[in-house]
Amino acid sequence: MAHDPLEYLQSVLHRSTSYTYRMSFKIDASIANADERAFAAYSRLGEEIGLAFHVIDDQLNVVPVTEEWSKTTAEDIAVGKVTLQVLLIL
């Protein structure tokens with residue numbers, strides 16, 4: 001696991017964001033017969049949305065807004081998961 005905030009964000013992009021968001025956008029662009037420029041733009045949009053989701057998800061794990069989010073306070077920290085928030089505090 002990367003222990004630098006920028007390395008962490010890169011690992012998020014290549015780990016979870018890649019297959020949950022970027023790939024979905026690429027598939028959609030392919031189905032729509034997007035040209036190369038649009039295909040690249042959709043891929044980048046998927047990365048940005050995925051990264052935003054992951055950072056917000058990590059934040060909600062530290063301080064859940066409500067019980068509806070199904071988050072246990074500090075669950076990631078309790079299991080030793082390194083998150084962006086942990087890296088920034090360290």
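What follows is a short exchange about a predicted model.

Visitor: What pattern does the chain follow, read along the sequence?
Guide: The secondary structure comes to four helices and zero strands. Read from start to end, the pattern is α-α-α-α.

Visitor: What radius of gyration does the chain have, and what would a compact globule of 90 residues have?
Guide: The C-alpha atoms fill a box of roughly 45 × 30 × 15 Å along the principal axes. A compact globule of 90 residues would have a radius of gyration near 12 Å. The chain has 15 Å.

Visitor: Which share of the contacts with a separation of 6 or more comes from residues 24 or more positions apart?
Guide: Contact here means heavy atoms within 4.5 Å. Counting contacts with a separation of 6 or more, residues 24 or more positions apart account for 53%.

Visitor: How much of the exposed area do carbon and sulfur atoms supply?
Guide: Buried residues make up 28% of the 90 residues. The chain exposes about 6,200 Å². Of that area, carbon and sulfur atoms supply 61%.

Visitor: How far apart do the centres of the positive and negative side chains lie?
Guide: There are 7 positive and 13 negative side chains. Each set has its own centre, and the two centres lie 6 Å apart.

Visitor: Why is the aromatic pair of Tyr 21 and Phe 53 called tilted?
Guide: A search of the whole structure finds one aromatic pair. The ring centres of Tyr 21 and Phe 53 are 5.8 Å apart, with the planes at 45°. Planes under 30 degrees apart count as stacked and over 60 as edge-to-face, so the rest are tilted. At 45°, the pair is therefore tilted.

Visitor: Which helices does this pair link?
Guide: The two residues are 32 residues apart, so the pair links distant parts of the chain. Tyr 21 sits in residues 5–31 and Phe 53 in residues 36–62. Those are helix α1 and helix α2.

Visitor: Are Tyr 21 and Phe 53 buried, exposed or partly exposed?
Guide: Buried means under 20% relative accessible area, and exposed means over 50%. Tyr 21 has 22%. Phe 53 has 44%. Both values fall in between, so Tyr 21 and Phe 53 are partly exposed.

Visitor: Is His 54 buried or exposed?
Guide: His 54 is found in helix α2. The relative accessibility of His 54 is 10%. The cut-off for burial is under 20%, so His 54 counts as buried.

Visitor: Which residues does His 54 touch, not counting those up to four places away in sequence?
Guide: His 54 belongs to helix α2. With residues up to four places away set aside, His 54 touches Tyr 8, Val 12, Arg 15 and Ser 16.

Key
Residues are numbered from 1 along each chain as its sequence is written. This is a predicted model: local features need pLDDT of at least 70, side-chain atom pairs count only at pLDDT 80 or more; totals for chains, interfaces and linings use all residues. Side-chain values use heavy atoms; hydrogens and water are left out. The radius of gyration is taken over C-alpha atoms; the globule rule is 2.2 Å times the number of residues to the power 0.38. Buried means under 20% relative accessible area, exposed over 50%, partly exposed in between (1.4 Å probe, protein chains only). Accessible areas come from the Shrake-Rupley method with a 1.4 Å probe; for residues, only the protein chains shown count as cover. Lys and Arg count as positive and Asp and Glu as negative; His and the chain ends are not counted. The place of a charge is taken as NZ of Lys, CZ of Arg, CG of Asp or CD of Glu. Rings of Phe, Tyr and Trp (its six-membered ring) pair if their centres lie within 6.5 Å; planes under 30 degrees apart count as stacked, over 60 as edge-to-face and the rest as tilted.
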